[in-house]
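Dear colleague,

Please find below the structure for your files. My notes on it follow directly after.

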Amino acid sequence: MKLANLDGRAVALVDGGVVDLAKASDGYLPSEPDEAIARLADVKSWFADHGPEPTSDGSEGEFLSDLSRLGPPVTSPRQIFAVGLNYVDHGTETGLAIPDEPLVFTKFASSIAGPGDPIALPTETCDWEVELVAVVGTCGRDIPARNAFDHLAGFCIGQDISERRSQMAGSPPQFSLAKSHRGFTPIGPWLTTTDELDANDLAISTRIDNETVQSARTSDMVFDIATLVSHLSGICELFPGDLIFTGTPSGVGFSRTPARFLAPGNVLHSYIEGLGELRNPCIGKETVR
Ligand code: ZN
């Protein structure tokens, strides 16, 4: 099942169109995208019982291709975890040692953006990091790795946009603020539930305009999804809608020679096999509304 935020309402994407959850169920299912994820079990059982016909929105192909009507599939998570150095090649390119246990920081929820939203670049040193994002479905503490997927609603694509100057300004570097400027956390284009694919082995890539700059497989992760869920839940209670950014593969801009960063006019394409694509145009700071 694919759940999306279409014009601010929770919808399921089905063959031939969309199903507006609240309208189709006469208000039994929620209209809020975040609530729909928290009630995923109800959504699934209602669909199994009712087999609803898609509404003839008529614009399915249109909004899936232009993305402008799609908002982030999760709008207000309580927690956003992000994992650093979780692909060996990325550790190598940064010159930093792969940690013995997950290196975790946070991105703040005010930086969340939709799958087609513009990214206003606050400086000339903003970088890309495509990441598989795991979305928590049910609460849990001390979740064993073998049960981790039972606590996930699904997956989407994310970009962990990073302002490298402030990230690297001190010693040790700090991550959370440098990665939480407005629009620095585009996610989507929709949530794909865990039963639809094997998230442990998917192609993942970033393209800037027509040039591929990152290309790897999620099977290259140092700490896999289940290990991350188990580790995090051993410290923090996980809540429905929480996001776990699982790290980025090699190919980021700041570790290139010469370093390369996002520029106004670039279009950032983020792709994960089976999950769709984000397409975020980069704009200059002065054009921020
Ligand atoms: Zn990252």
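How many bridges join strand β14 to strand β17, and do they run parallel or antiparallel? Five bridges join β14 (residues 203–208) to β17 (residues 267–272), and the two strands run antiparallel. Please note that this is a predicted model, in which local features need pLDDT of at least 70 and side-chain atom pairs count only at pLDDT 80 or more, while totals for chains, interfaces and linings use all residues. Residues are numbered from 1 along each chain as its sequence is written, and side-chain values use heavy atoms, with hydrogens and water left out.

Strands here are DSSP runs of E with at least two residues, numbered from the N terminus, and two of them pair if DSSP finds at least two bridges between them. Within the β14–β17 pair, Ser205 has Tyr271 of β17 as its bridge partner. Strand β14 is also joined to β15, by six bridges and again antiparallel; there, Ile204 is partnered by Ala216 of β15. Two residues lie between the strands of this β14–β15 hairpin, in which Asp209 takes a positive phi near 50°.

These strands belong to an open, mixed sheet of five, ordered β8-β18-β17-β14-β15. Its edges are β8 (119–121) and β15 (211–217), each pairing on one side only.

The structure also holds a zinc ion, whose protein donors (N, O and S atoms within 2.8 Å of the metal; water is not among the atoms, so the site may look incomplete) are Glu129 (OE), Glu131 (OE) and Asp160 (OD), at 1.9 to 2.1 Å. Their spacing in sequence is E-x1-E-x28-D.

Kind regards

Notes: Donors are N, O and S atoms within 2.8 Å of the metal (3.2 Å for Na, K and Ca); water is not among the atoms, so sites may look incomplete. Helices (H or I, at least four residues) and strands (E, at least two) are DSSP runs, numbered from the N terminus.
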